[in-house]
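Here's a friendly walk through a structure you may not have met before. Have a look at it first, and then we'll go through some of its parts together.

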Amino acid sequence: MTQYRVLPGPEHFLPPAAASMGIYLPNPGEAHINGVIVPEEKAYEEAARQFLMAQVPTIFPGPLVLWAWNEKAAKKAAAVRSLYETLKECVQPGQKPMLIPMPDYRPKYPKINPEVEINPNHPNLTIWHNKIDCCMFIGVHCHQANLSLKIIRGGTSCYTVAMCAQAGHEDAMLSFRDASVEKILKLGEWIRKLKGTVKPRLTSAKTSASN
Amino acid sequence: MAEIKSHIGTQNKKGQTYTDPWKMMHEAPRNPSFYTGSEVIKEALRRASCDVMIAYPITPQSEAAALIGELFAEGYIGDYFRGESEFAVMSQCAGAAFGGARVFTTTAGPGTMRAMENFPMWAGARLPIQMIVTCRGINSPLSIQPDTIEISYLLNTGMLVWHAETAQDFFDWILKGFMVSEEPEVHLPLALCCDGFFVTHTKDVVNLTPTDMCLPPYDPYRSPVPCMDMECPPVRMMRDPFIMKSNYISYATHASWQQEIWAAVERSRKHTIKWINGLIDTENTDAEVVIVASGTAVSQGREAIRLLEDEGVRCGLIKVKSLRPWPGEEIREATKNAKHIFVPEFNVTGWLAKEIKATIPNSERVHAGPHVCGGMTMPPEIIVSEIKTALGLRSESLAGRGS
Amino acid sequence: MSKERIKISPDLYDIMPSDYQDLVQSATYGKEDRGWKDIGTSKELIEQHSLCAGCPESMAFRYILASLPNPEDTVMVGSTGCTSLVFPMVAVHNIHSLFGNQNAIASGLKRALSVRFPDRVKDVVVLAGDGATVDIGLDMTLQAWFRQEKFTTICFDNELYANTGGQESGLMQKGFVAKMAPVGKLFDKVRLPEIARESGCHYVVNCTVSKPSLVEKVIRNSVLIAREIGPTYIQLYTPCILEIGKNSMEGLQEMRDSEKPTERFAYKEYVSEPAKQFLAELAAKDKERKAAAKQLAGKA
């Protein structure tokens with residue numbers, strides 16, 4: 001049993017892949033928090049708590065939901081939007097929810113605009129620029145999501161959540177698997193449920209890099 | 001994320017039923033058949049719902065590659081052709097996998113080496129291609145004979161590497177291999193290796209699954225990277241862009257990418273254990289003497305153990321089935337009682353012994369040998385002799401024999 | 001029709017970067033008569049790139065992307081070199097895997113797409129430099145043609161290895177002094193267009209990219225012939241102004257100078273008999289369609 005835990009960074013000059021540190025992905029019906037397998041229900045509560053605690057809770061939708069390339073994708077996009085609206089309704093003054101797309105995976109020249117997008121090759125730029133202290137990836141192809149999650153853990157203190165349609169992500173601090181419209185909406189319900197019960201860390205947000 | 005159509009229970013154009021892979025492999029009736037290893041490869045492919053197979057002749061895999069051509073002619077494979085060299089073939093396989101196909105190929109020895117540039121590319125691009133490697137010599141002077149040296153070159157490519165002992169392993173693992181390597185969190189190529197001739201050209205009784213059952217088709221929309229078909233989604237996507245900048249973050253991206261490949265190898269562990277029933281098989285590992293081997297060296301080891309038992313020496317056996325993922329913990333556990341660990345190998349450098357030495361405590365327990373190479377057989381007597389000599393028992397000298 | 005598939009999810013449309021909104025609104029995916037004239041009035045399928053200022057390769061890229069007959073169902077294959085710096089910015093799926101294996105990748109890709117989409121057109125177009133096409137990848141270039149693989153091969157011929165700093169290549173002119181040709185190249189420019197013809201290509205063109213209308217015609221023909229009949233090969237002069245000592249503004253003149261009747265990039269075309277017949281049928285259909293449109297316009 002590994003002692004390694006997937007925690008907010010900045011972790012290392014080159015942080016390891018959590019899978020290589022003995023972290024396993026959850027089975028269906030499960031999720032993980034910090035690399036420890038938990039029942040999915042517990043992960044909803046923790047993700048909602050992290051969102052409500054954050055100064056800049058942010059959703060990063062990727063190409064698989066940004067594009068209406070099939071019916072299900074468009075429905076998921078609607079659910080993502082609804083989750084964002086819920087978040088906006090439930091936060092307290094001073095908290096600033098954001099919805100920033102990861103439209104593609106290309107290295108962009110001369111540089112990305114961190115106000116409008118996040119890029120897997122340097123996701124830290126968008127995190128730092130917007131002082132994002134909690135984020136959720138959804139609809140990003142798994143390989144690219146893992147690259148981003150690892151770089152974020154390496155250089156920022158942002159808390160990362162993955163709402164993954166496949167097997168989940170060990171490189172996030174909290175990960176769901178088999179994401180569906182229902183699961184996205186259920187997270188919204190948990191946010192509503194916990195509204196007003198979580199104290200936002202309005203002054204102590206640590207979002208700058210240490211290196 | 002994509003519309004995953006459930007094909008299970010429906011039929012393909014050959015009238016085979018797409019079957020739940022677990023049920024097909026573990027619950028369906030088996031039919032004992034007397035086949036060569038090459039024929040077994042063909043029979044596995046008949047049941048694999050393979051989209052594209054690309055062939056090239058090189059001994060000892062030529063027969064298998066040609067037999068799969070017959071399957072194509074019969075309508076069991078989506079497309080099939082002979083490429084112009086192994087380098088080209090492996091790139092053609094990559095092209096087909098980028099396009100969302102389930103892809104299969106076979107190679108051997110110098111062919112593996114010629115194609116080598118492709119393998120880290122396959123892994124880096126997360127292409128779940130299955131490649132059979134029927135191992136043979138690679139050095140000059142040319143040898144077509146069995147020799148497992150080429151496996152050592154595959155171990156650091158990022159591919160999954162399994163080493164089959166028997167034709168039965170081969171049949172089961174070809175089909176199970178697709179299931180492991182196509183898992184979205186794994187999605188890596190698999191080199192399924194065997195010892196050339198010993199497995200490919202000998203006949204054995206192999207229990208086959210029914211011919212009217214086949215694996216469900218590959219679903220490229222569960223891939224961890226976008227499939228290149230202008231569908232998923234049909235926008236600005238390049239496989240795989242590299243970052244031509246000289247700064248910390250561009251290097252970090254490339255480093256993170258490499259780590260992700262090896263993370264995927266780690267993730268395959270869970271599935272490999274499930275499908276091939278553990279990364280290793282063990283027998284009597286409470287004994288003080290243990291043989292650790294892979295491929296047909298396992299069979300020779302088993303025979304040596306029988307001979308040793310006749311002489312009152314008790315010896316355990318560890319069959320290493322998967323080399324990537326590497327069963328480090330399993331081998332540590334299985335060798336914890338051993339005072340002497342013997343690693344018989346069909347290659348001159350002893351790569352398996354080196355891997356084991358790097359894995360276990362007190363590695364001076366490992367006797368790297370016996371080795372044969374260049375096509376020599378490994379009579380069980382030489383394993384017996386090696387063990388007895390190390391144990392300080394009197395052993396007959398086994399001279400080289402020739403006619 | 002096909003443009004329908006290229007759609008941003010309505011609920012997230014407003015957060016998409018504007019270049020993607022433009023791509024959906026005004027790119028010419030699905031437009032029947034798309035061509036170079038759309039440049040300037042529609043969103044191009046290429047974003048900002050990192051080629052040198054004035055590089056003729058960037059012009060070639062723009063004309064080609066404007067001329068592909070079916071970009072919404074086209075997958076491109078590139079290779080290592082200057083082109084691979086542009087491909088991430090191209091709004092059709094594209095692949096880079098190794099240096100020189102582009103025609104092998106394309107062979108497997110085309111076959112996979114044919115197996116997966118038997119009732120739909122999926123075009124495959126290779127675009128690589130001369131080092132990739134003629135030197136390191138020559139074997140795979142030719143073998144794809146021998147096998148009559150149904151895709152187009154475009155070679156950006158800048159007569160040297162540009163991305164690695166100007167070394168000798170097989171398509172370099174004899175006598176040119178370059179890195180790795182310290183006393184001048186000792187053998188003739190490889191005659192790949194002729195070799196392409198003998199290797200089974202059904203449409204071969206050797207020209208420059210000085211005239212966008214010509215590039216449009218050639219690219220369109222080459223993709224359509226490859227789709228229906230067999231392999232096609234287009235060799236385009238895209239001089240590396242940096243390595244031949246020209247300024248940013250001189251690329252166009254360099255191409256014009258090199259396409260004069262006696263020069264090495266004088267327009268040369270080969271069309272096989274089946275391809276000729278196909279083009280004639282295409283022209284007849286086109287004429288018919290235009291006449292019908294005219295009649296319809298007249299009635300209105």
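Let's start with a helix in chain C. Helix α10(C) covers residues 273–299, which makes 27 residues, and spans 39 Å from its first C-alpha to its last. That's close to the 39 Å you'd expect at 1.5 Å a residue. Keep in mind that this is a predicted model. So is α10(C) tucked away or in the open? Just 2 of the 27 residues of α10(C) are buried, so the helix lies largely in the open.

Staying with chain C, UniProt has an unreviewed entry that lists residues 93–234 as "domain: Thiamine pyrophosphate enzyme TPP-binding". Over residues 93–234 of chain C, 39% of the chain is helix and 17% is strand. The C-alpha atoms at the two ends of that stretch are 21 Å apart.

Now for the place where chains B and C meet. Chain B puts 35 residues into the contact, and chain C puts in 35 residues too. On the chain B side, the elements giving two or more residues are β3, β4, α4, α6 and β11 of chain B. Which of them gives the most? That's α4(B), with 8 residues. Sorted by class, the side of chain B that touches chain C has 19 nonpolar, 8 polar and 8 charged residues.

Strands also link up across the two chains. β11(B) and β2(C), the latter made of residues 94–95, run parallel and are joined by 2 bridges. There, Met238(B) sits opposite Asn94(C) in β2(C).

Over in chain B, there's an open sheet of 7 strands with mixed pairing, in the order β4-β3-β5-β6-β8-β7-β15. Why do β4(B) and β15(B) each have one side without a neighbour in the sheet? They stand at the edges with a single partner strand each, so one side of each is left free of a neighbour. From one strand to the next, the twist averages 20 degrees.

At the β15(B) end, β7(B) (residues 160–163) pairs with β15(B) in the antiparallel sense, and Trp162(B) stands opposite Ser322(B). Here are the two strand pairings side by side:

| Strand pair | Sense | Bridges |
|---|---|---|
| β11(B) and β2(C) | parallel | 2 bridges |
| β7(B) and β15(B) | antiparallel | 2 bridges |

Finally, a helix packs on this sheet: α3(B), residues 62–74, touches β3, β4, β5 and β6 of chain B. The direction of α3(B) makes about 140 degrees with that of β3(B).

Note on methods: Residues numbered from 1 in each chain as written. Chains lettered and ligands numbered in written order. Predicted model: local features only at pLDDT ≥ 70, side-chain atom pairs only at ≥ 80, totals over all residues. Contact = placed C-beta atoms within 7 Å. Helix = DSSP H or I, 4+ residues; strand = E, 2+ residues; numbered from the N terminus. Nonpolar A, V, L, I, M, F, W, Y, C, P; charged D, E, K, R; others polar. Pairing = 2+ DSSP bridges. Axes fitted to C-alpha atoms, helices over the stretch in contact; angles between N-to-C directions. Expected span 1.5 Å × (residues − 1). Buried ≥ 20, exposed ≤ 12 C-beta atoms within 10 Å, placed from the backbone. UniProt positions renumbered as here; feature names shortened; annotations may be inferred.
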